[in-house]
Amino acid sequence: MAHFYLKFLFTPLYGLYQFMLKQVITFKIEGMKCAGCSNHLEKELNNFNGVIKATVNLATEKSTVEFDAEKITTEDLILKIVDSGFKG
């Protein structure tokens, strides 16, 4: 399931207005065996350029990612999940 919305940003230092196309998506994650696995994936996703916030839940085997759709795509996120050793 994916949600799209625009976030209106004001940068006080420069007085500039910016728009960001944010998307929220939830992935079913396969291959997580322990809390270390979910922590590893969450850290990898949160450090990925374009991700605003990522959470990974071991019990539900799901990851919810909020990201800037102008910088990355859902395919980029899936590749990051696979590169981290899991199936998304």
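Q: How exposed is C34 in this model, by relative accessible area?
A: In this predicted model, C34 is partly exposed, and its relative accessible area is 36%.

Q: And C37, does that count as buried or exposed?
A: C37 counts as buried, at 17% relative accessibility.

Q: How many disulfides does the structure hold?
A: The structure holds zero disulfides.

Q: Which cysteine sulfur is nearest to that of C34, and how far away?
A: The nearest cysteine sulfur is that of C37, 3.7 Å away, and C34 is in no disulfide. Seen from C37, the nearest cysteine sulfur is that of C34, at 3.7 Å, and C37 is likewise in no disulfide.

Q: Why is that pair not counted as a disulfide?
A: Because a disulfide requires two cysteine sulfur atoms within 2.5 Å; the sulfur of C37 is 3.7 Å from that of C34.

Q: Changing topic: how many helices and strands does the protein chain have?
A: The protein chain has two helices and four strands.

Q: In what order do they run from the N terminus?
A: The order of elements in the protein chain is β-β-α-β-β-α.

Q: What share of the residues is buried?
A: The protein chain has 88 residues, of which 31% count as buried.

Q: And what about the surface: what area is exposed, and what do carbon and sulfur atoms supply?
A: About 5700 Å² of the protein chain is exposed, with carbon and sulfur atoms supplying 56% of that area.

Q: Last one: what share of the contacts joins residues at least 24 apart?
A: Taking contacts in the protein chain between residues at least 6 apart in sequence, 51% join residues at least 24 apart.

Notes. Residues are numbered from 1 along each chain as its sequence is written. This is a predicted model: local features need pLDDT of at least 70, side-chain atom pairs count only at pLDDT 80 or more; totals for chains, interfaces and linings use all residues. Side-chain values use heavy atoms; hydrogens and water are left out. Buried means under 20% relative accessible area, exposed over 50%, partly exposed in between (1.4 Å probe, protein chains only). Contact means heavy atoms within 4.5 Å. Accessible areas come from the Shrake-Rupley method with a 1.4 Å probe; for residues, only the protein chains shown count as cover.
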